[in-house]
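Please open the model in your viewer and keep the sequence panel beside it. The tour below moves from one selection to the next and says what is there.

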Amino acid sequence: MVTGEGRQDTAVATPGRPRPGPSMADVAALAGVSSQTVSRVSTGAGTVRPETRQRVLTAMEQLGYSPNHAARALRYGNFDAIGLIAHRLARTGESRTVEAVVEAARRQGYTVSLVDVQSPSSLDVTAAVARLTHQAIDGLIIIRAETATPATLSLPARLPVVVSDSRFIGHHPAVATDQGDGTRQAVQHLLALGHTTVHHLAGPADSSPAQLRVESWRACLEQAGRPVPELLRGDWSAESGYALGRLVAQDDTVTAVFCANDEMAAGLMRALYERGLRVPEDVSVVGFDDIPLAEYLWPPLTTVSQDFHLIGERLVQLLLQQIREGTELTDHRSMVPTRLLVRASTAPPSAHRGP
């Protein structure tokens with residue numbers, strides 16, 4: 001400051017008060033560019049030559065400079081960040097969808113804040129939403145709210161939302177795998193091979209995809225005039241598939257099994273092998289998901305393939321359309337198709353097995 005004698009004193013930091021961090025001007029001076037160029041690099045706006053961008057990024061790293069995203073949000077109206085709520089990331093569908101969402105968001109210049117809720121209850125999901133909205137996000141993606149419903153899930157009124165769950169059609173834009181058609185392809189494939197009926201190793205009762213597959217499996221058999229066997233319910237794990245598989249192996253009437261996911265199919269195949277039964281000569285097996293391991297099992301597993309990459313892409317596209325254009329997409333429904341990959345684990349039934 002300037003004193004009464006006209007001298008300029010040097011500013012002294014107040015004891016106990018943190019020193020201010022490096023500024024945009026400091027970065028500009030070190031990189032030898034204008035503050036406007038630093039702003040373009042930090043916001044991703046405009047065109048900057050690669051060598052200039054690298055000088056700015058190096059200067060940011062050396063100085064420990066972090067762009068003020070809150071100030072940017074006030075100026076441009078967004079944070080370039082989206083929230084993502086998932087449940088049980090160990091599950092194949094959730095983990096691969098999260099991976100696809102993060103990659104799609106990154107390509108659009110958005111960061112992702114992830115909350116993995118302990119249970120799919122309305123209370124837990126609503127609490128997760130509250131946590132994320134306090135972290136400055138532009139929109140929200142919910143990967144399967146499971147037991148939550150449009151009536152019980154509390155969301156901020158003006159927050160753009162996309163849900164990977166067809167039950168929210170008419171309330172929020174939704175992207176979902178065509179579970180019913182994927183199941184029909186699997187069951188019809190086995191019936192076409194000559195199997196009298198198809199047994200089912202189902203996923204947990206609190207999973208909406210598992211329930212959709214159960215409903216489609218049952219409807220497909222009923223429409224074909226085939227007997228509907230007793231449902232065998234697992235928990236998505238290979239361990240549960242193995243435990244149920246030991247029961248299946250004791251039933252000489254079983255010739256074909258549709259499993260709700262590939263992990264349970266793998267457990268089933270081990271149980272059949274230990275019982276001395278061959279796949280597919282004695283029992284045909286079909287899975288769901290097409291995990292990378294599926295084609296390397298022995299025999300390679302026939303399965304229903306889900307396009308998780310496309311699911312993630314569409315979730316991000318629908319969210320950004322709302323964020324950037326303010327578009328109302330309440331009734332929008334995007335159904336991602338599935339396809340049956342026929343490998344070596346299915347064949348016509350053996351003459352010495354079956355009813």
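Angles between axes under 35 degrees count as roughly parallel, over 145 as roughly antiparallel, 65 to 115 as roughly perpendicular and the rest as oblique. This is a predicted model, in which local features need pLDDT of at least 70 and side-chain atom pairs count only at pLDDT 80 or more, while totals for chains, interfaces and linings use all residues. Residues are numbered from 1 along each chain as its sequence is written, and side-chain values use heavy atoms, with hydrogens and water left out.

Select first helix α1 (residues 24–31) together with helix α3 (residues 50–63), which pack at an angle of about 120° with their axes 9 Å apart. The two helices, α1 and α3, are therefore oblique to each other. Show next the side chains of D26, V27, L30 and A31 on α1, and of R55, V56, A59, M60, Q62 and L63 on α3, which make the contact (heavy atoms within 4.5 Å).

Move now to the largest nonpolar core, which has 21 residues; such a core is a set of buried Ala, Val, Leu, Ile, Met, Phe, Trp, Tyr and Cys residues joined through side-chain atoms within 4.5 Å, where buried means under 20% relative accessible area with a 1.4 Å probe, protein chains only. Select I141, V175 and L315, which touch the most other members. β1 (81–87), α5 (92–107) and α11 (308–325) each supply at least two residues of this core, and the largest share, seven residues, comes from α11.

Finally, centre on V175, whose contacts, leaving aside neighbours within four places in sequence, include V162, I311, L315 and V336.

Technical notes. Buried < 20%, exposed > 50% of the residue type's maximum accessible area, 1.4 Å probe, protein only. Helix = DSSP H or I, 4+ residues; strand = E, 2+ residues; numbered from the N terminus. Axes fitted to C-alpha atoms, helices over the stretch in contact; angles between N-to-C directions.
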